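Me: I am new to this structure and would like a close look at a single part of it. Could you take me through the metal site and its surroundings, step by step?

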Amino acid sequence: MKYPITICGPCSVESEEQVYDVAQKLAKHIKIDALRGGIWKPRTRPNSFEGRGKVALKWLKQAGIAIKKPVATEVANSKHVEEALKHDIDILWIGARTSVNPFAVQEIADALKGTNVTVMIKNPINPDLSLWLGAIERVQGANIDNICAIHRGFSTYEKSIYRNKPKWDIPIDLKRNMPEIPIICDPSHICGNRSLIRKISQSAYDLNFDGLMIEVHPDPDKAMSDAQQQITPAEVQELMNNLVIRKLKPSLEAKSLLDEFRDQIDAFDNELIEILYQRMNVVEEIAAYKKENKVTIYQPGRWDSIVNSRVESGKTKGLSEKFIKSVFSAIHNESIEHQGQIMNKENIKK
Ligand code: PEP
Ligand code: MN
C-alpha cells in the first residue's frame, strides 16, 4: 500500500445494492485507495443493527472488484478472520472495542499467521497508548508486513463536541514510538457528526497523518448505523477537493523541525479549547446550583484558594506567577459573565 491513502465506504454494508451503488459513486467522484464496509458491527447496546454477517463479504468484495479497488472490513475474532480471508478481503481492521482487549487481539494475531493481508489497528476506546502499541506488537508478532494504525478518537464520560475526543498527543506519541507504522485518521468516529469532519480531516493532514478513512453512504440519513456522521459521495468529493493536503512522505524529510513544533502547538491549542469548553459546562451547572441555593456568584475565599493553588502548581512546571494569574483571571471573568447570564435568564423565566 502506498501512502497517503483514502479509504471510503459505508459504516455497514446494508445490502448488495447499497455497497455497489456507493462504490460506483465513489469511484466516479474521487480517487479512493480502498472501499470500506462493516460486516460484523460491534454495537454498544443490544438490539441495534449488528451487520449483515458473512453473506455481505461477497457483496463487499464484488463491489471492490467492480471498481478495481481493495476492500476493507472489521474483524473481532478468529472466525471473522477466517471468513474474511476465505472471501479474499484485502484489508482487515481491528476495531476500538477489540484493540482494548489483549486476549482478543492475540486470538486475531494467531489467526493471521502466514497470511499477507494488510491489517489496520484502531486505537483502543480509552486513551491508553501502551494498549495501542501492544495491539500493534501482537500483530507484528504474527509476521504481518503491512500494518497501519487508525486514530478514531477516545471515549470520555465528560460532555464534548466530539463523539470521541481526538487527543492528538496520543497518535503523535504513537508516531514517535513507532515511526515505521503509517497512521491514518478516521474523522467520522471522532466527530460523530458530519459538520465537524472537515476540521478534523484538515487537522490530520496538518499533523502529517498518512491518510483518512471516512464513512460514506449513498443516503446517510437512512443509514442503519452511524447515520449522523456519514456523508454522501458528493460531499466527500467536495471535502477532498478543499482539503489542503501536504505531500506527506516526500515532505516529511524536507519539513523543518519548526513546522513539526508548530503542528504540535496547533494540536495542543485545540485541546486547550476543548478543556475550556468542558470547564464552562461545569460553570453552568454551578450557576444553576447557586441560583437554587441563593448563593452569590462571586465567592472571594474560593477564588483566592483557586489562584494560590494554580500559581503553586504552575511554579512546579516553570510557569511564572504573573502568567498563571493573568490566564486564570481571564477564565474567571468569563465564568462570572457566563454565570450572570444563566442566573438572569432563569430570573426572567420566573
Ligand atoms: C467502524 O469503523 O465502523 C467502527 C465500528 O469503528 P470503531 O471501532 O472506531 O468504533
Ligand atoms: Mn461506524
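Reply: Happy to help; here is a walk around the metal site, followed by a helix and some backbone details.

A word on the ground rules. This is a predicted model, in which local features need pLDDT of at least 70 and side-chain atom pairs count only at pLDDT 80 or more, while totals for chains, interfaces and linings use all residues. Residues are numbered from 1 along each chain as its sequence is written, chains are lettered from A and ligands numbered from 1 in the order in which they are written, and side-chain values use heavy atoms, with hydrogens and water left out.

Let us start with the manganese ion (ligand 2). Cys11 (SG), His189 (NE2), Glu215 (OE) and Asp226 (OD) coordinate the manganese ion at 2.1 to 2.4 Å. Donors here are N, O and S atoms within 2.8 Å of the metal (3.2 Å for Na, K and Ca), and sites may look incomplete because water is not among the atoms. Along the sequence, the spacing of these donor residues reads C-x177-H-x25-E-x10-D. Cys11 and Asp226 link distant parts of the chain, 215 residues apart: Cys11 sits in the loop between β1 (5-9) and α1 (16-29), and Asp226 in the loop between β8 (211-215) and α10 (233-242). These elements are DSSP runs numbered from the N terminus, with helices (H or I) of at least four residues and strands (E) of at least two.

Are these two residues buried or exposed? Cys11 counts as buried because its relative accessibility is 1%, and Asp226 is buried too, at 16%. Buried means under 20% relative accessible area, exposed over 50%, and partly exposed in between (1.4 Å probe, protein chains only).

Asp226 has another feature to look for: its phi is near 50°, a positive value in a residue other than glycine. Most residues other than glycine have a negative phi.

Now turn to α1. Gln18, Val19, Val22, Ala23 and Leu26 are buried in this helix. They lie on the same side of α1, because they cover an arc of only 125° around the axis, taken from the directions from the helix axis to the C-beta atoms. The buried residues of α1 pack against β1, β2 (34-36), α2 and α10, where contact means heavy atoms within 4.5 Å. On the other side of α1, you will find Glu17 and Lys28 exposed.

One last stop is the segment before β1, where Pro4 lies. The peptide bond from Tyr3 to Pro4 is cis, with omega near 0°.
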